[in-house]
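Student: I have just opened this structure and would love a guided tour. Could we go through it together, one question at a time?

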Amino acid sequence: MSKKKLKIAVFHNLPSGGAKRSLYTYIDYLTSHGHIVDVFIPQTANEDYLPLEPIASNIVEYEVKPSFIRERIYSLFSYVPAIIRRVSLNNLYNTHKKIAEDINSLDYDIVYVEQDQYTMTPIILKYLEKPTAYYCQQPIRKDEILDVVNSQKERIGFFNKPIIKPLADYMINYIETNAYERDYEFAQNATNLLANSYFSHENILRQYGKNAYVSYIGVDTKIFKPLNLERDNFVLSVGTCIPPKGYDFLIKSIAHIKKEKRPELVVVGNSSDEGWVEFLKELADKKDVKLDILTQISDDDLLRLYNTAKLVVYAPYLEPFGYVPLEAMACGTPVVGVKEGGIKESVRHNYTGLLTQRDEKDFARAIVRMFEDQKLWDECSQNGIKYVNSFWTLDKAGERLLNHLYRIIDKEDENE
């Protein structure tokens, strides 16, 4: 296997969140190990959150023309995401094609492609001519459970009035169906896929009919580490405050704990759906659960919360992988989670935390057990730190990714 220093082009059009954090850490690893990494982005990519310019070799931004008519029409539908309202697919096609043409004209060894917040699988794969690695965090999710949990939040706006609602439902179904079809179409252009977990690998296989190699992410143990602070009587959960993250399940579960032992739930998100925040606050009041929701706090504040929480609780619906359990374990904080999705591959039951069925009473019992069994808590705390440092560090993750890039390049050379 070749071990030469690589010249890598990177494309992304990500929002803030775990995928952007993962990309940031990969680029930091690659450039710090002597590889050239040039980043190509449409101007719609989020570069306020973990900006890549300080760590990339070079960064080039491309214009995406906004769609005046599209923005005016979709603004009437409050539940259509803002990103869909502002950008037309034709304009996005043009930008992706231009970026691909520029990359194709230069001497890159490989192109590393991340997902696009507008189309999921990025259009650029259709036009790239060089060896390409597409890191697919997850296909567009069509899980029925997402419709169930999202339906708990009442829609607002003119088009949600009873007489208009059938038209609104038809419109959103039309948008989603087209999005699924486009995502599948673009994914057929991907020749080398990487996934963040075996759970995601199976979803890619199921939805796209394509194989994907697992390249596990890592956590920054220079940031997320034990501070040996006194633990307080609260449990922490982290992630965007939207229905699929399962915060309603956590509130209902905690409500099953006797009031005198009931911990506060602290939720931290990089962004929030305000309608869902209000729903959760009303639910917590009804269930007599103390709830605090924080948005866009600093890494220092997040680190302090990880180190003062008694537990991290984690219950998103079919999450592809998730940084949160890794960050918690790196800080020596045991995790209580629902045993589904990617968490089955990161948290080890009875070793770094406890995993339960999606059952409110079972989850509540697991929280109580971890609170009351100090020996178990101490063992899970220490095991979590050791476990992260043995496998889940940024260096380990960077090595895994780099080996996949070399593998893809070697395979392309063999096929020439």
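Tutor: Gladly! One term will help us from the start: contact means heavy atoms within 4.5 Å. Keep in mind too that this is a predicted model.

Student: Then let me try that term out. Which residues is Cys380 in contact with, leaving aside its neighbours within four places in sequence?

Tutor: Start by finding Cys380 in helix α13. At 1% relative accessibility, Cys380 counts as buried, because buried means under 20%. Leaving aside neighbours within four places in sequence, the residues in contact with Cys380 are Pro334, Asn350, Tyr351, Thr352, Gly353 and Met370.

Student: What separation do the C-alpha atoms of Cys380 and Gly332 have?

Tutor: Along the chain, Cys380 and Gly332 are 48 residues apart. In space, their C-alpha atoms are separated by 7.8 Å.

Student: Let me step back to the whole chain. How many helices and strands does the protein chain have?

Tutor: The protein chain holds 416 residues, and buried residues make up 54% of them. Among contacts between residues at least 6 apart in sequence, 70% join residues at least 24 apart. The secondary structure comes to 14 helices and 13 strands.

Student: Which strands are the edge strands of the seven-strand open sheet?

Tutor: Follow the order of the sheet, β3-β2-β1-β4-β5-β6-β7, in which the pairing is parallel. An edge strand pairs on one side only. That description fits β3 (58-62) and β7 (212-214).

Student: In β4, which residue is the bridge partner of Asn13?

Tutor: Strand β1 (residues 7-13) and strand β4 (residues 110-116) run parallel and are joined by five bridges. Asn13 has its bridge partner in β4, and that partner is Asp116.

Student: Helices lie across these strands too. At about what angle does helix α4 run to β2?

Tutor: For a first example, helix α7 (residues 198-208) lies across β5, β6 and β7, running at about 140° to β6. Helix α4 (residues 89-104) lies across β1, β2, β3 and β4. Its angle to β2 is about 160°.

Student: Now the nonpolar cores. Which helix gives the largest share of the largest nonpolar core?

Tutor: That core has 60 residues, and Ile8, Ile27, Tyr112, Leu236 and Tyr306 touch the most other members. Its largest share is seven residues, and they come from helix α14 (residues 394-415). Looking at Tyr112, the residues it touches include Ile8, Phe11, Leu401 and Leu405. So that we end on the name you asked for, the helix with the largest share is α14.

Student: Which residues in α10 are buried?

Tutor: Helix α10 spans residues 299-308. What covers its buried residues includes β8, β9, β10, β11 and α11. The buried residues themselves are Leu302, Leu303, Leu305, Tyr306, Asn307 and Thr308.

Student: Which residues of strand β11 point the other way from Leu311 and Val313?

Tutor: In a regular strand, side chains alternate between the two faces of the sheet. Strand β11 (residues 311-314) sends Leu311 and Val313 one way, and all of its residues are buried. Pointing the other way are Val312 and Tyr314.

Student: Which residue in β12 stands opposite Val313?

Tutor: Strands β11 and β12 (residues 335-338) run parallel and are joined by three bridges. Together with helix α11 (residues 324-330), they make a right-handed β-α-β unit. Opposite Val313 stands Val336.

Student: And in β13, what is the bridge partner of Val338?

Tutor: In β12, Val335 and Gly337 on one side and Val336 and Val338 on the other are all buried. β12 pairs with strand β13 (residues 353-356) in the parallel sense over four bridges. There, the bridge partner of Val338 is Thr356.

Student: One last one. Are helices α12 and α13 roughly parallel or roughly perpendicular to each other?

Tutor: Two packed helices are described by the angle and the distance between their axes. The axes of α12 (residues 360-372) and α13 (residues 374-391) come within 5 Å and cross at roughly 90°. Arg369, Met370 and Glu372 in α12 meet Gln374, Leu376, Trp377 and Cys380 in α13. Angles of 65 to 115 degrees count as roughly perpendicular, so α12 and α13 are roughly perpendicular.

Definitions and conventions: Residues numbered from 1 in each chain as written. Predicted model: local features only at pLDDT ≥ 70, side-chain atom pairs only at ≥ 80, totals over all residues. Heavy atoms only, no water. Buried < 20%, exposed > 50% of the residue type's maximum accessible area, 1.4 Å probe, protein only. Helix = DSSP H or I, 4+ residues; strand = E, 2+ residues; numbered from the N terminus. Pairing = 2+ DSSP bridges. Right-handed = clockwise from strand over helix to strand, strands pointing away. Core = buried A, V, L, I, M, F, W, Y, C linked by side-chain atoms within 4.5 Å. Axes fitted to C-alpha atoms, helices over the stretch in contact; angles between N-to-C directions. Parallel < 35°, antiparallel > 145°, perpendicular 65-115°, else oblique.
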